[in-house]
Amino acid sequence: MAKRKLKRVDLIFSKDCSCRDILAAGLQKPREEIIQTLIASGLKGRGGAGFPTGLKWKMAANEKSNKKYVICNADEGEPGTFKDREILDREPLKVLGGMALCAYVTGAREGFVYLRHEYRFLIPKLEKVLDTFHKWMEELNLDFNVKLFIGAGAYVCGEETSLIESMEGKRGEPRNKPPYPTNEGYLGKPTVVNNVETFVYTMMILRIGAEEFKAMGIEGSSGSKLFSVSGDTPKAGIYELELGMTLDEFVKEFGDGDAKAVQVGGASGFCVPRKRFAETHIGYQGGLTGFSLPTGGSMMIFNSSRSMYNVLHNYLEFFEEESCGQCTPCRVGCQQLLKGIEAVKRGEKSQKYLNDLLRLADTMKITAKCGLGQSVGNSFSSIVENFREEMIY
Ligand SMILES: Cc1cc2nc3c(=O)[nH]c(=O)nc-3n(C[C@H](O)[C@H](O)[C@H](O)COP(=O)(O)O)c2cc1C
Ligand code: SF4
C-alpha cells in the first residue's frame, strides 16, 4: 500500500491568505462547483470517522426543506486530542468561513459552534470574532447567522446525533441512524455536522484548489491533517502533516528514542506496538482492521517505562464513566472489561479469562449502538493482544 514520507505542511495556520477574500470568491462560484471541488479534493472529515465532506454537503444541499442548519463540532472530547482548541484560538475566522461556505452550498441560514464545556475560556474571543463575521455576512450578502452553544461536558455528545439531542434540550444520547443528520438533524431538519478542522480545510481547498490538495497524502487519504502529539515525547504539541506517513517515521520525528507503542486515535483508537511501526501508516483507506489507521488527530506515544495495563485501565475507567448507558453491550460491557482486567491482574482470574474478555470486546464492536461502545473494543483488543504479558498477575 502506498505510503508518504513524513512532511510538515502549513495550511491551517498559514497567514498568507485572507479569509474574507477566499469566502468572497467562493460565494461567487456556483454551489455545484464548490461541491465538485470538495469531492475532487478527496477531503474526508477530520473528526475521526472520515466521511467524504463534499458528499455530505451535497446530501444536505439536495434536501428540500424550508430550514437547514450547519453545526461545527467543537466538542473535542477524545483523550489526547487538543487541536481544535488551537484552531479556534488562532484561526476562528477560517472555521466560520468554512461554515459560511457550507451554508451557501446547502441553503442553511443558521449555524452553531458546539463548544466543549472545558473551552469556555474561548467564549469572549469567539463572541468578538462572531461580530466581525456577521459584518462580513452583511457585506457579502449572505443570510447566515452563527451562535455559540456550550456543551455540558459529556464525551458522548461529540457524537453528532447526541450533540443534536443535547442542543434540543434532551439527554445527550445517540439516535438511531438512519436517518442521518443530513436528512433529519437539528429540530428534524437537514443538518451538516462537521469537525472544526474540516471546515478550515474546505476554505483552504478553495484557496489552493482540489488538485494541489489531492497531490498531498495518498490514495483514499488526501491532503494533510493536524495531529495532537502527546505522551513520551520531547515534542508534545500540534503539527500539520501530510497523511500517509508510517508510524516508524512518526516516532523517529516525535518519539524519545524508546517508544514501545503509539495509540493512534485516542482512547477509542488503536494501540500499535513497535514491531508494527514500519508497516502501519496513517490514513483512512484500510478501514479499521488494515495497516492504515485513521485518527481524529490524537497520537499518544508510550515508552518502555509505561505499564500498558495502566494505560488500558485508565481508558476503561474513562469509557465506563462516559458510556451514556442507553444500550446494554456498552453499559455492561465497559464495566465487565474493567472489572475483568482488574481480576486478572490481582490473580483472581486466570490469564485465559483474557480470551473471554477479548470475545466480549468483539461483541461490543458489533452490537453497541454508537461509536463509543463500538470503539472500546479497538483499544482493548489492540492492547491486550499486543501486551498480554503486562495484563497478568
Ligand atoms: C463517542 C464519540 C465522540 C465523538 N466526538 C467528536 C468530537 O469531539 N469532535 C468531532 O468532530 N467529532 C466527534 N465524533 C464524530 C462525530 O460523530 C461526527 O462524525 C463528526 O463530527 C463529523 O464531522 P467530520 O465529517 O468533519 O469529521 C465523535 C464520535 C463518537 C462516536
Ligand atoms: S454504545 Fe454506549 S454511549 Fe453509545 S448508545 Fe450505547 S451505551 Fe450509549
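**Exercise 1. The shell around ligand 1**

Task: Determine which element gives the most to the shell around ligand 1, and describe the class make-up of that shell.

Solution.
Step 1. Strand β4 gives the most to the shell around ligand 1, contributing 3 residues. The model under study is a predicted one.
Step 2. The shell holds 23 residues, of which G45, G47, G158, N195 and G371 come nearest to ligand 1. The elements giving two or more residues to this shell are β4 and α14.
Step 3. Sorted by class, the residues around ligand 1 are 7 nonpolar, 10 polar and 6 charged.
Step 4. With respect to domains, the shell around ligand 1 takes at least three residues from each of domain 1 (19–214) and domain 3 (308–391).

**Exercise 2. The shell around ligand 2**

Task: Identify the residues that come nearest to ligand 2 and state how the shell divides by class.

Solution.
Step 1. There are 14 residues around ligand 2, and C324, C327, C330, C370 and G373 come nearest.
Step 2. Two or more residues of this shell are given by each of the helices α12 (328–346) and α14 (371–386).
Step 3. The class count for the shell around ligand 2 is 8 nonpolar, 4 polar and 2 charged residues.
Step 4. Helix α14 thus appears in the list for ligand 2 and also in the list for ligand 1.

**Exercise 3. Domains and the contact between two of them**

Task: Give the domain bounds of the protein chain and characterise the side of domain 1 that touches domain 2.

Solution.
Step 1. The domain assignment divides the protein chain into domain 1 (19–214), domain 2 (217–303) and domain 3 (308–391).
Step 2. A distance of 25 Å separates the C-alpha centres of domain 1 and domain 2.
Step 3. Contact between these two domains involves 19 residues of domain 1 and 17 residues of domain 2. On the side of domain 1, the elements that give two or more residues are α4 (83–90), α8 (196–208) and α9 (210–214).
Step 4. By class, the residues on that side of domain 1 are 5 nonpolar, 7 polar and 7 charged.

**Exercise 4. An open sheet of mixed pairing**

Task: Establish the strand order of the sheet that contains β13, and explain why β8 and β10 are edge strands.

Solution.
Step 1. The sheet is open and has 5 strands in the order β8-β7-β13-β9-β10, with mixed pairing.
Step 2. β8 (237–242) and β10 (270–273) each have a single partner strand, so one side of each lacks a neighbour in the sheet.
Step 3. Direction ignored, neighbouring strands in this sheet are turned by 30° against each other on average.
Step 4. The parallel sense is found between β7 (residues 224–231) and β13 (residues 298–303), which are joined by 4 bridges. One of the pairs there is S230 with its bridge partner M300 in β13.
Step 5. The antiparallel sense is found between β9 and β13, over 5 bridges. V262 has I301 of β13 as its bridge partner.
Step 6. β9 also pairs with β10 in the antiparallel sense, over 4 bridges, and A261 has P273 of β10 as its bridge partner. The hairpin of β9 and β10 has 5 residues between the strands, and G265 takes a positive phi near 95° there.
Step 7. Strand β9 (residues 259–264) is mostly covered, since 6 of its 6 residues are buried.

**Exercise 5. Strand β2 and its partners**

Task: Decide whether strand β2 is enclosed or open to its surroundings, and name the strands joined to β2.

Solution.
Step 1. In strand β2 (residues 110–115), 5 of the 6 residues are buried; the strand is therefore largely enclosed by the rest of the structure.
Step 2. β1 (residues 69–74) runs parallel to β2 and is joined to it by 6 bridges. In this pairing A74 stands opposite L115.
Step 3. β3 (residues 145–150) likewise runs parallel to β2, with 6 bridges between them. Here G111 of β2 stands opposite V146 of β3.

**Exercise 6. The setting of N176**

Task: Locate N176 and classify this residue as buried or exposed.

Solution.
Step 1. N176 lies in the loop between α7 (160–167) and β4 (191–195).
Step 2. Within 10 Å there are 8 other C-beta atoms, and the cut-off for an exposed residue is 12 or fewer; N176 is therefore exposed.
Step 3. T161 is 15 residues from N176 in sequence, and their C-alpha atoms are 8.4 Å apart in space.

Note on methods
Residues numbered from 1 in each chain as written. Chains lettered and ligands numbered in written order. Predicted model: local features only at pLDDT ≥ 70, side-chain atom pairs only at ≥ 80, totals over all residues. Buried ≥ 20, exposed ≤ 12 C-beta atoms within 10 Å, placed from the backbone. Near = placed C-beta within 6 Å. Nonpolar A, V, L, I, M, F, W, Y, C, P; charged D, E, K, R; others polar. Pairing = 2+ DSSP bridges. Axes fitted to C-alpha atoms, helices over the stretch in contact; angles between N-to-C directions. Domains from an automatic or database assignment. Contact = placed C-beta atoms within 7 Å.
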